[in-house]
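The exercises that follow ask you to work through a single model step by step, with a solution after each task. Please keep the sequence and the coordinates open while you read.

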Amino acid sequence: MWLKIRRFLKLLFPDGLYCFGCGAIIDDSRPYGLCDDCVAKFHWANKKVCEKCGKIMKEEGVFSRCSDCRADEPPMVQGFTCFLYGLYEREVIQAFKYGGAGYMADKLGRLLWDRLQPEIARGLTWDYIVPVPIHKKKKKKRGYNQAALLARRLGELSGIPVLEAGLVRVRNTPAMSHLDRHQRALNLEGAFRVHEKVAEKFSGKRLLLVDDVYTTGTTASQCTLVLMEQGAEAVYVITLAAGAN
Ligand SMILES: [Zn+2]
Ligand SMILES: [Zn+2]
């Protein structure tokens with residue numbers, strides 16, 4: 001219901017007037033499209049995170065890596081995320097993904113860009129931004145690939161070129177929410193390949209893979225492996241949200 005209202009309001013008012021989380025009226029100075037209440041409700045990845053994948057970890061834990069990364073080291077160099085994929089945060093992501101609310105990428109992409117600032121300050125650089133692709137059937141149904149919209153926005157803000165169709169999803173896999181990590185990996189085997197037109201561009205390059213959500217990391221890992229097979233020097237991953245550890 002709220003989605004329908006939001007879409008309607010979108011026709012009448014410019015971006016940034018309504019909070020993505022609760023619909024409260026906000027002014028355009030809020031950089032992420034969230035009101036102060038929602039900013040306070042979100043679980044931000046600003047305390048202890050997994051040093052490998054960036055997932056939020058419990059403060060009191062003794063490990064520096066999450067259980068997924070300890071069980072099976074992901075092939076990317078490092079992952080970054082902005083907030084927990086919790087119940088409240090999920091609504092914003094779902095609206096962005098399935099609600100025909102692609103315009104949200106403008107603000108959410110800024111969130112990714114701000115998240116990268118400390119990494120850029122410590123010297124990290126990337127040659128290309130590459131979104132995690134969705135299958136063309138899904139894209140047709142949804143109207144857009146949310147990861148590509150985020151990548152495009154990140155490209156605008158950073159000046160880093162975006163290889164929007166760099167990766168292609170060749171197999172449309174069934175939903176994976178009920179599968180464990182190993183089943184997910186099997187499910188995704190051969191699901192991605194690089195686009196032959198840009199394949200030679202990846203060799204020796206430092207890449208930033210963009211997606212909306214990082215859960216077990218299977219998707220990011222499969223994409224990373226495909227890029228590394230093309231000779232990528234390093235692959236980093238950035239997402240809006242990551243699942244709990
Ligand atoms: Zn709000
Ligand atoms: Zn991890």
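## Exercise 1: the two sides of helix H8

Task: in this predicted model, determine which residues of H8 are buried and which are exposed, and establish what covers the buried ones.

Solution. Begin with the accessibility of the helix, which spans residues 181–188: Arg-181, Arg-184, Asn-187 and Leu-188 are buried. Viewed down the axis of H8, these buried residues fall within an arc of 120°, so they line one face of the helix. This can be set beside the general geometry of an α-helix, which has 3.6 residues a turn, so that residues three or four places apart point the same way. Next, turn to the other side of H8, where His-182 and Leu-186 are exposed. The cover over the buried residues of H8 includes helix H3 (67–71), strand E3 (167–169), strand E4 (192–194) and helix H9 (218–229). Finally, look just past the helix, where H8 is followed by Gly-190, a residue with a positive phi near 75°.

A residue of the covering helix can then be examined in its own right: Gln-222 is found in helix H9 and is buried, with a relative accessible area of 15%, which is placed in that class because the cut-off for buried is under 20%. Leaving aside neighbours within four places in sequence, Gln-222 is in contact with Ala-185, Leu-188, Glu-189 and Phe-192.

## Exercise 2: the nonpolar cores

Task: identify the members of the largest nonpolar core that touch the most other members, and list the elements that give two or more residues to this core.

Solution. The largest nonpolar core has 41 residues, of which Leu-154 and Leu-240 touch the most other members. Two or more residues each are given to this core by strand E1 (78–84), helix H4 (87–98), helix H5 (105–121), helix H7 (146–158), strand E5 (206–214) and strand E6 (234–242). Among these elements, H5 provides the largest share, with 6 residues. The position of the core relative to the domains follows from its membership: domain 1 (1–41) and domain 2 (43–242) both give residues to this core, so it lies between them.

The surroundings of Leu-240 can now be listed; not counting residues up to four places away in sequence, Leu-240 touches residues including Thr-81, Phe-83, Ile-93, Phe-96, Leu-108, Leu-150 and Asp-212. A second, separate core has 29 residues, among them Cys-53, Phe-202, Ala-220 and Val-235.

## Exercise 3: the two zinc sites

Task: for the zinc ion (ligand 2) and then for the zinc ion (ligand 1), name the donor atoms and assign the geometry.

Solution. The zinc ion (ligand 2) is coordinated at 2.3 Å by the SG atoms of Cys-50, Cys-53, Cys-66 and Cys-69. The angles among its 4 donor atoms are 104 to 117°, and the site of the zinc ion (ligand 2) is tetrahedral; the assignment holds because four donors count as tetrahedral if all angles lie between 85 and 135 degrees. Along the sequence, the donor residues of this zinc ion (ligand 2) follow the spacing C-x2-C-x12-C-x2-C. Distant parts of the chain are linked here by a pair 16 residues apart, with Cys-53 in the loop between helix H2 (36–41) and H3, and Cys-69 in helix H3. Both Cys-53 and Cys-69 are buried.

For the zinc ion (ligand 1), the donors are the SG atoms of Cys-19, Cys-22, Cys-35 and Cys-38, at 2.3 Å. The site of the zinc ion (ligand 1) is tetrahedral, with angles of 103 to 114° among its 4 donor atoms, and the donor residues are spaced C-x2-C-x12-C-x2-C in sequence. Cys-19, in the loop between helix H1 (2–12) and H2, and Cys-38, in helix H2, form a pair 19 residues apart that links distant parts of the chain. Both Cys-19 and Cys-38 are buried.

## Exercise 4: domains and a buried glutamate

Task: state how the domains are placed, and describe the setting of Glu-119.

Solution. The domain assignment gives domain 1 (1–41) and domain 2 (43–242), and their C-alpha centres lie 25 Å apart. The contact takes 18 residues from domain 1 and 14 residues from domain 2. As for Glu-119, this residue lies in helix H5 and is buried, with a relative accessible area of 7%. Not counting residues up to four places away in sequence, Glu-119 touches Phe-80, Leu-124 and Trp-126.

Conventions: Residues numbered from 1 in each chain as written. Chains lettered and ligands numbered in written order. Predicted model: local features only at pLDDT ≥ 70, side-chain atom pairs only at ≥ 80, totals over all residues. Heavy atoms only, no water. Buried < 20%, exposed > 50% of the residue type's maximum accessible area, 1.4 Å probe, protein only. Helix = DSSP H or I, 4+ residues; strand = E, 2+ residues; numbered from the N terminus. Arc of directions from axis to C-beta. Contact = heavy atoms within 4.5 Å. Core = buried A, V, L, I, M, F, W, Y, C linked by side-chain atoms within 4.5 Å. Domains from an automatic or database assignment. Donors = N, O, S within 2.8 Å, 3.2 Å for Na, K, Ca; no water. Tetrahedral: all angles 85-135°; square planar, octahedral: opposite > 155°, others 65-115°.
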